[in-house]
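Reader: I would like to learn how to read a structural model feature by feature. Could we take a few features in turn, with the general idea first and the particular case after it?

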Amino acid sequence: MGDTTDQGNSSVGAPSGDASASELTKQMTEVSLNGLPRDTLKQLVQTVSQNPSLAHLKFYCNSNYSANAYNEAESTMPSADTSKLGTVTHSFPGFNQAGNSIQRDTPHTISHPMYSTSLVDSTSSSPVTHEDSSKSSVEPTQGLLHALSFCYLSSVAYHATLRGIPLDSLRAEASSNASSVSRSSKHSTESIHLQIFCESNHEQESQIVDLFEYAYQRSPVTGSLNYPVHLQDSFSQTPKDGISHSESASSSLKSFGSSSPGKKKPKLLKDLGVVKGESTWLGGGRIRSEFMRSDGTVRTLDADEPAAFLGGDAAPGGEHLLSSLGDSLISSTLEISEQENITISEISVNFEGDVDANGFLGTQKGMRSQFQNIRMKVLIVGNAEDAVLNQIWEKAKIHSPVMRLLSDGTTVRCSLQVNGKAVDFYGEPMRLTTLLEFKQTEA
């Protein structure tokens, strides 16, 4: 499968849960369909329909960049890589369901190195060439495409099971031209394309197409891209003398860009091309995505639904959307700080994301499935004044591609093949004149 070192220390932990969650997720001995216990899934839908608050979820993700993670351990080594800035680690401790905290015994974690964002030499317009072509930071939109594919394929699997439609295989090929660095082009040029390939022995092709159009509406990440998400952030600098300082977005720009007077700033590469990935459904609510690196090795990411929604909790699920936003903001912050000749030693972004899973399950008519709100608590440590660090963060938010896609919204274009045959598929069913409604049918 290739090198998967970007995955880092991926740990698996089962959520402790509580009595109500245990009642919801109690799985009886029964015949499963598509890797899911169908009767238990029906019971879950019925229970949530009667008590919609059980589907109110709050996901957590802590994204941290540390230069010391590299400097202290490797800076004294003879072969130390000076292009490596540090390490980014994402931790997924658990989530909150209907006001009840469900914490994993061991949080899922994903780590990867962060290399210099100065992709173009300060005296030349030619890209800097490393001897090792794998010396490139993770492209943030990889995590976004992974989250998109996971939520859509999981939605298809769950609603196929409720409708009694057997699935033999599911695969998605996702691509986006949103780069990891600032773009001079208009935001409307950024796009996401999702190609779905399905194998099924179900006799009615029209029912499969209807399933995919309905599942498109039920995917929280698809909804988060099609419709703007409310994003809030609170920014603080390094505590000084025991006092935590906060700066508003209106901080003075006077000192911004003046950290190293007279020193020519590095130019930045404006477009890293199209990012592509392939995701494979592994049964139930689990998928695996693969992204090809420039050196031919493969970066692998897994995703799974939480146990509270009949998943195995073998990996983070919709939280991947939060970690991709973390990667994007951290990458943009480091890019801008390098351009301003400022050294950043630590970045911490703690995310909370609200999702009403009634939209995912289809248990409330007209409920839009998406991350309604994402809150960020940000800490940046660097060798600059508080106002300068604040302005770097404000600029990073503007130039972060994932931040733009979530705050502005973008259409996810979809195409579908069933049993090797391309079928007509309306990729924007939320804009149909007649809203498709969930109807539970027997096999």
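Reader: Is phenylalanine 371 buried or exposed, and what is its relative accessible area?

Author: Please keep in mind throughout that this is a predicted model. A residue counts as buried when its relative accessible area is under 20%. Phenylalanine 371 has a relative accessible area of 1%, so it is buried.

Reader: Which aromatic pair does phenylalanine 59 form with phenylalanine 95, and how many aromatic pairs are there by this rule?

Author: Rings are paired by the distance between their centres, which must lie within 6.5 Å, and planes that are neither under 30 degrees apart nor over 60 count as tilted. By this rule the count comes to five aromatic pairs. One of them joins phenylalanine 59 to phenylalanine 95, with 5.8 Å from centre to centre and 40 degrees between the planes, and this pair is tilted. Because phenylalanine 59 belongs to strand S3 (residues 56-66) and phenylalanine 95 to strand S4 (residues 84-97), the pair ties together parts that are 36 residues apart in sequence. Phenylalanine 59 counts as buried at 8% relative accessibility, and phenylalanine 95 is buried too, with a relative accessible area of 1%.

Reader: Where does phenylalanine 371 lie, and how many residues apart are it and phenylalanine 59?

Author: Phenylalanine 59 also forms a tilted aromatic pair with phenylalanine 371, at 6.4 Å centre to centre and with 50 degrees between the planes. Phenylalanine 371 lies in strand S13 (residues 371-382), whereas phenylalanine 59 is in strand S3, so that this pair links distant parts of the chain, 312 residues apart. Taken together, ring pairs link Phe59, Phe95 and Phe371 into a cluster.

Reader: Which side chains of strand S14 are buried, and which are not?

Author: To read a strand, one can follow its side chains residue by residue and ask to which face each of them points. Along strand S14 (residues 412-418) the side chains alternate, with Val412, Cys414, Leu416 and Val418 buried on one face, while Arg413, Ser415 and Gln417 point to the other face and are not buried.

Reader: Which strands pair with S14, and in what sense do they run?

Author: Strand pairing is read from the bridges between two strands and from their relative direction. Strand S7 (residues 192-199) runs parallel to S14 and is joined to it by seven bridges; isoleucine 192, for instance, has valine 412 of S14 as its bridge partner. Strand S15 (residues 421-423) pairs with S14 in the antiparallel sense over three bridges, and here glutamine 417 has alanine 422 in S15 as its bridge partner. The hairpin of S14 and S15 has two residues between the strands, and in this hairpin asparagine 419 takes a positive phi near 55 degrees.

Reader: What about charges over rings: which ring lies beneath the charged end of arginine 368?

Author: The general approach is to look for a charged end and ask how far it is from the ring centre. The charged end of arginine 368 sits over the ring of tyrosine 227, 3.8 Å from its centre. In another case, the charged end of arginine 218 sits over the ring of tyrosine 214, 5.0 Å from its centre.

Reader: How many disulfides does a search of the whole structure find?

Author: A disulfide is a covalent bond between the sulfur atoms of two cysteines. A search of the whole structure finds zero disulfides. Cysteine 61 is buried, with a relative accessible area of 0%, and cysteine 151 counts as buried at 4% relative accessibility.

Technical notes: Residues numbered from 1 in each chain as written. Predicted model: local features only at pLDDT ≥ 70, side-chain atom pairs only at ≥ 80, totals over all residues. Heavy atoms only, no water. Buried < 20%, exposed > 50% of the residue type's maximum accessible area, 1.4 Å probe, protein only. Helix = DSSP H or I, 4+ residues; strand = E, 2+ residues; numbered from the N terminus. Pairing = 2+ DSSP bridges. Phe/Tyr/Trp six-rings, centres within 6.5 Å; stacked < 30°, edge-to-face > 60°. Lys NZ or Arg CZ within 6 Å of the ring centre and 35° of its normal. Disulfide = S-S within 2.5 Å.
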